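The following exercises concern salt bridges, an unusual backbone angle and a nonpolar core. Each task is followed by a solution in steps.

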Amino acid sequence: MSELESNNAERDTDVPVAMKKVYRDLQRWRSERKGRERIPEALWTAAGELAREHGVNQVSQVLHLEFNHLKRVAEAGGANGRTRPAPAFVELIAPQTSAERGCVLQLEGRRGKLRIELKGMAAAEVADIGRSLWEMLA
């Protein structure tokens, strides 16, 4: 095994499992490229997907890619502008209303006073009870 192959094998073991395929594809492309040929869009897209999942900094260091370019690719959803699909369902959870809300209903009439404490009732329900009681007392 040559010294170059030994160094590549050592570096390959430091690459996280999720990034190994893209790392190897980039290594293969780098060893076969001619002159100052640009990295293919497919490799940038794959690196952008990894960056969205694992972070731009980590992926740029592991794959030896320029941070700012990788960041732009990741933010754009890949080199071809692809973005993640919108979720089909979004659950909205309303804050719980306090079970301790309540009111005190006090009625006075010629027959006397009436005090009722109500907890957890809506204002419309309280108003209906008040009207009914008022009519009975009148």
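**Exercise 1.** Is K21 buried or exposed?

*Solution.* The model is predicted, so local features need pLDDT of at least 70 and side-chain atom pairs count only at pLDDT 80 or more, while totals for chains, interfaces and linings use all residues. Residues are numbered from 1 along each chain as its sequence is written, and side-chain values use heavy atoms, with hydrogens and water left out. The classes are as follows: buried means under 20% relative accessible area, exposed over 50%, and partly exposed in between (1.4 Å probe, protein chains only). K21 has a relative accessible area of 59% and is exposed.

**Exercise 2.** Determine which residues are linked with K21 in a network of salt bridges.

*Solution.*
1. A salt bridge is a side-chain nitrogen of Lys or Arg within 4 Å of a carboxyl oxygen of Asp or Glu.
2. K21 meets this condition with D25, their closest N and O atoms being 2.8 Å apart.
3. R28 also forms a salt bridge with D25, where the closest N and O atoms are 3.1 Å apart.
4. The network therefore consists of K21, D25 and R28.

**Exercise 3.** Describe where the members of this network stand in helix α2.

*Solution.*
1. Helices (H or I, at least four residues) are DSSP runs, numbered from the N terminus.
2. Helix α2 covers residues 20–32, and K21 and D25 are 4 residues apart in it, a separation of about one helical turn.
3. R28 and D25 are 3 residues apart in α2, again about one helical turn.
4. As to accessibility, D25 is buried at 18%, whereas R28 is partly exposed at 45%.

**Exercise 4.** How many salt bridges does the structure hold, and which residue pairs with D128?

*Solution.*
1. The structure holds 3 salt bridges.
2. D128 pairs with R131, and their closest N and O atoms are 2.9 Å apart.
3. These residues are 3 places apart in helix α6 (residues 123–137), about one helical turn.
4. D128 is partly exposed, with a relative accessible area of 45%; R131 is partly exposed as well, at 49%.

**Exercise 5.** What is notable about the phi angle of H64?

*Solution.*
1. Most residues other than glycine have a negative phi.
2. The phi of H64, by contrast, is positive, near 55 degrees.
3. H64 is found in the loop between α4 (56–63) and α5 (67–75).
4. With 48% relative accessibility, H64 is partly exposed.

**Exercise 6.** Identify the elements that contribute to the largest nonpolar core, and examine the surroundings of L70.

*Solution.*
1. A nonpolar core is a set of buried Ala, Val, Leu, Ile, Met, Phe, Trp, Tyr and Cys residues joined through side-chain atoms within 4.5 Å.
2. The largest such core has 20 residues, and those with the most contacts inside it are L26, I39, V59, L63, L65 and L70.
3. Two or more residues come from each of α2, α3 (41–54), α4 and α5, with α3 giving the largest share, 5 residues.
4. Contact means heavy atoms within 4.5 Å. Leaving aside neighbours within four places in sequence, L70 is in contact with W44, A47, G48, A51, V56, V59 and S60.
5. S60 lies in helix α4 and is buried at 8% relative accessible area.
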